[in-house]
Amino acid sequence: MYRYDEFDAAFVRERTEQFSDQVKRRVAGELTEDQFRPLRLMNGLYLQLHAYMLRVAVPYGTLNSRQMHKLAHIARTYDRGYGHFTTRQNIQYNWPKLQDVPKILEELAEVEMHAIQTSGNCIRNVTTDQFAGAAHDEIIDPRPVAEIIRQWSSLHPEFSFLPRKFKIAITGAQQDRAAVKFHDIGLMANEKDGQVGWRVFVGGGLGRTPMVAKEINDFVPHEDLLAYLEAILRVYNLHGRRDNKYKARIKILVHETGIEQIREEVEAEFAQLKDGVLTLPQDELDRISTYFAAPPFAADADDVLDAEQHALENAQYAKFLKRNLFKHRQPGYTSITISLKSVGEVPGDASDAQMDAIAELAREFSFDELRVSHEQNLVLPHVKKSDVRAIYERLVEIGLAEGNAGLISDIIACPGLDYCALANARSIPIAQDIAKRFADRENEFGELKVKISGCINACGHHHVGHIGILGVEKKGTELYQITVGGDATEQAAVGNILGRGVTGDEVPDALEKLLNVYMDQRENADEPFLDAFRRLGEAPFKEALYG
Amino acid sequence: MANANAAQAFVPKERLSDLQLVALNGMFDERDALSVLRFALEELTSHPIAMVSSFGADSSVLLHMVAQINPHQEVLFLETGKHFPETLEYVETMKQRLGLTNVRFLEPDTSDLARFDPKGDLWQTDPDSCCHIRKTEPLDAALKAYGGWVTGRKRFQTNDRGVLPHFELTSDERIKVNPLAYWDFEDVKAYRAEHDLPPHPLFNVGYLSIGCAPCTSMVKEGEDPRSGRWRGRDKTECGIHFDVSGKIAKPQAKGQSMKTLFKDGQFVEDQWRDLADDDALIDLDHVFMPFSLYIEHKDRLVGNNGALGLIVQPGDDVHEIGDDVHRFAAIAVEFPKFADGRGYSSARLLRERYGFDGELRARGDILTDQVQFLRRCGFDSLVVVDGPTRNALENDAIAGVSVFMQPTGRDIEVPAGTRPFLRRVK
């Protein structure tokens, strides 16, 4: 894992001091809200419905136990005893007091964390595969490049006042678990002539206007990547729309200008920047890579789960083994997903006690490493198969042993009307109703991603849910529009809207109808919902829902 | 109503704290004026919020909104005794047109008038006192029963109102609500047209802001809309919008004589000016000219011997003049809003791509947090009016970091020893 040197530490310390001073001046009334707003936005401090919300960056979703303990401590001391992990692999605190913010930032700096650039129209935290460095299907570990992008984009003087926020995702695996095609820039490792470089996608996004990113270049070598990114950002900064905030993302620029012309402009800019100061030397990439070297795996770790017998005795544990383990590159090891989607709970929330317990699990069993996934779960990336049973027992104790990763109750949901000023409808209660309704049968349905947004801003990623649910407000009532067929992976697709909205109470019934079609018409138990939908088309689902 | 429910959760109990006010402004940042007004009148505090109208040049917008929310809402009008007859006529017109049933006239205290303004000519000798007895006192008395009041003030009206928020706290913990804070002249015009609202009879003959007859004059084209109020006097507000401290929430630095150009560590006299409409394009010296005009006339300007300057607005493509940069002694890049960051890219292209080595000036909405970014992108002079930013510049206390994570083309950013390749120190 990347460790700050004195240079990074000085950078964060100075920035923290600077922002702390601004907060103090705001509290003292020396700054008006208008003067304070641009400052706080660059530093992750939002206003939500009830209070300030502080968003803390978890760079590419990677944490160690000390950091997780600190996050727990902040939840306990300055918030209401919990934190909320987000789809951007960050953590949010929903109830900090403004006057406490400087202290929180100081505490974060102690463990090399901060809230810089987690909001505002700048380059946000780079996200990646939660199994990076552990996954069996990896071409290259994306974290060193993610770290280099983090450094390059931190307080970039040219790109801190972009037309709109800018999100970059990167994956080094064959299967895309970072939804790179739904980011402003998506990077996918690509092998060409024995060299590894990056396929670059541009102009993806969700929100009001969901778009699948277009490929702008199929191979950019490591050494040119930053120059290429700078070229894209410069073209966007100069030409992205600023007249309408809903049309200001790069996806609209790409859509309205056409990918061919954008490519031409980016390539022209890149031609000037190439071989300049941004050229990444191999020895720097190597140096950063050493921070992400594989941990000292035991070569002789037993490659079978010792728990088959227990699984027979315990259906919940069997479900956990089936759903929450991910194949590791190292024989004898596995990655464990800790689901933050326990039935009846708020998706993505973890209490201070849970965070502390998870930090201890990471320290004892996973080489002190933890990940946050964009599906709002936590991951122990490097776990010995022989330890799975023990970890499971510990998770049971803290109420986080739900074996539902990738199942219908593993729902992404935005905060919705309960917390958010923009929302039209509630999201969290809908997620809870769905989880409760299908808890008994979810194994039968297999992999099924349900995503819920409380308004068209789509923070719950409903466009890419296998089943997506969008809350809208019509004439004073909350209605829910249902989409089917969305996909956030490399086969990226935006879901189809099936028809008119249903009320909140009717959502579980509507899903049941869709699932009945799937169960009746799937080819066999191995055909997942999404594949069946692609084969059958939307007609039978529409028919079932609206008759 | 989902939004009403959402807002209810926030209703403060008694008086708003500073923090709540900040949160409130954040919540309504991007809401429309009607939502702000509805929330203020129906939900904001346990004490009622007063609606005050001047029935002036652009009062019709708020009055129309009030009528939509509740035509029986009490509307307070300061009957100073010095109004134009057209204004009083307009009060009646609007009452009928909008169905307003509860317009209450607030009149000056008769004993005050007898004591301080027996002849009714106090405005000539002491307009501040005149405003005080005819406006401030009657309004203060009427507002005792209220938790706050609604005003029609807008940011665009004068420099002083440039940062007006939706909600403000007065020093006696009451709240002032400005639903139209973010509206500009065009918005008002469009709203009036859309709802076919009758204009104040004097508006069409050139009164853009209307107060009492003796102290209101016509506004010339291009003037600040409120410049017709107390013309010729060092007075811009009547007093009802002052805080107890005697100051408006946030006075902007202003005045012709102020030096706004910051260069080489101090505020200095500006040797440059912008091209005027009636300037001929000959013998220009220390004159900034608009980008498009330069493109159009660049050949004619070849023989110009004086120092030529260029203005680059957001949207101007500096590639078009890239090969001509040596012809300019200074280039001014505009930042009409701090959030519009196009000028940073323009600056880097001018400096790094095209090798411009003259004065590169940033103008517009320059705030302290941008200064370091601007400098790193190649600016070496700044035109700054924002008070706190000026103070910070003068005291060399600009917010910033001393280590940089990425290179730009600035000389000050040299690789430091064995630092990793992207990093620079100041």
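Two strands pair if DSSP finds at least two bridges between them. That rule helps in reading this predicted model, where Y46(A) stands opposite M53(A) in strand β2 of chain A.

Start with β2(A). The strand covers residues 52–56. Its neighbour β1(A), residues 45–47, is joined to β2(A) by 3 bridges, and the two run antiparallel. Another 3 bridges join β2(A) to β5(A), residues 91–93, again in the antiparallel sense. Here V56(A) has I91(A) as its bridge partner. Both of these links pass the test for pairing, because at least two bridges are required.

Now look at the cover over β2(A). Of its 5 residues, 5 are buried. One side carries Y52(A), L54(A) and V56(A), and the other carries M53(A) and R55(A). Both faces are covered.

Step back to chain A. The chain holds 18 helices and 21 strands. It has 547 residues, and buried residues make up 65% of them. About 19,000 Å² of chain A is exposed, with carbon and sulfur atoms supplying 47% of that area. Consider next the contacts between residues at least 6 apart in sequence. In chain A, 68% of these join residues at least 24 apart.

Move on to an open sheet of 5 strands. Its order is β6-β7-β8-β9-β10 in chain A, and its pairing is mixed. The edges are β6(A), residues 127–128, and β10(A), residues 214–221. Each edge strand pairs on one side only. For β6(A), 2 bridges lead to β7(A), residues 168–171, in the parallel sense. T128(A) stands opposite I170(A) of β7(A).

A helix lies across part of this sheet. Helix α5(A), residues 143–153, crosses β7(A), β8(A) and β9(A). Relative to β7(A), the helix runs at about 160°.

Which residues touch the most other members of the largest nonpolar core? They are I149(A), W152(A) and I185(A), in a core of 97 residues. Helix α6(A), residues 225–239, gives this core its largest share, 11 residues. Follow I149(A) outward, leaving aside neighbours within four places in sequence. This residue is in contact with V126(A), I168(A), L187(A), L225(A), L226(A) and L229(A). A second core is separate and has 56 residues. Its members include L108(A), Y317(A), A359(A) and V372(A).

Turn to a loop. S409(A) lies between α13(A), residues 388–397, and β16(A), residues 412–413. Is S409(A) buried or exposed? It counts as buried, because its relative accessibility is 4% and the cut-off for buried is under 20%. Leaving out residues up to four places away in sequence, S409(A) touches K341(A), N404(A), A435(A) and E442(A).

Finish with the cysteines. How many disulfides does a search of the whole structure find? The search finds 0 over all chains. C212(B) is in no disulfide, and the nearest cysteine sulfur, that of C130(B), is 6.6 Å away. A disulfide needs the two sulfur atoms within 2.5 Å. C212(B) is buried, with a relative accessible area of 15%. In chain A, C455(A) is also buried, with a relative accessible area of 8%.

Terms used: Residues are numbered from 1 along each chain as its sequence is written. Chains are lettered from A and ligands numbered from 1 in the order in which they are written. This is a predicted model: local features need pLDDT of at least 70, side-chain atom pairs count only at pLDDT 80 or more; totals for chains, interfaces and linings use all residues. Side-chain values use heavy atoms; hydrogens and water are left out. Helices (H or I, at least four residues) and strands (E, at least two) are DSSP runs, numbered from the N terminus. Contact means heavy atoms within 4.5 Å. Axes are lines fitted to C-alpha atoms, for helices over the stretch in contact, and angles run from 0 to 180 degrees between N-to-C directions. Buried means under 20% relative accessible area, exposed over 50%, partly exposed in between (1.4 Å probe, protein chains only). Accessible areas come from the Shrake-Rupley method with a 1.4 Å probe; for residues, only the protein chains shown count as cover. A nonpolar core is a set of buried Ala, Val, Leu, Ile, Met, Phe, Trp, Tyr and Cys residues joined through side-chain atoms within 4.5 Å.
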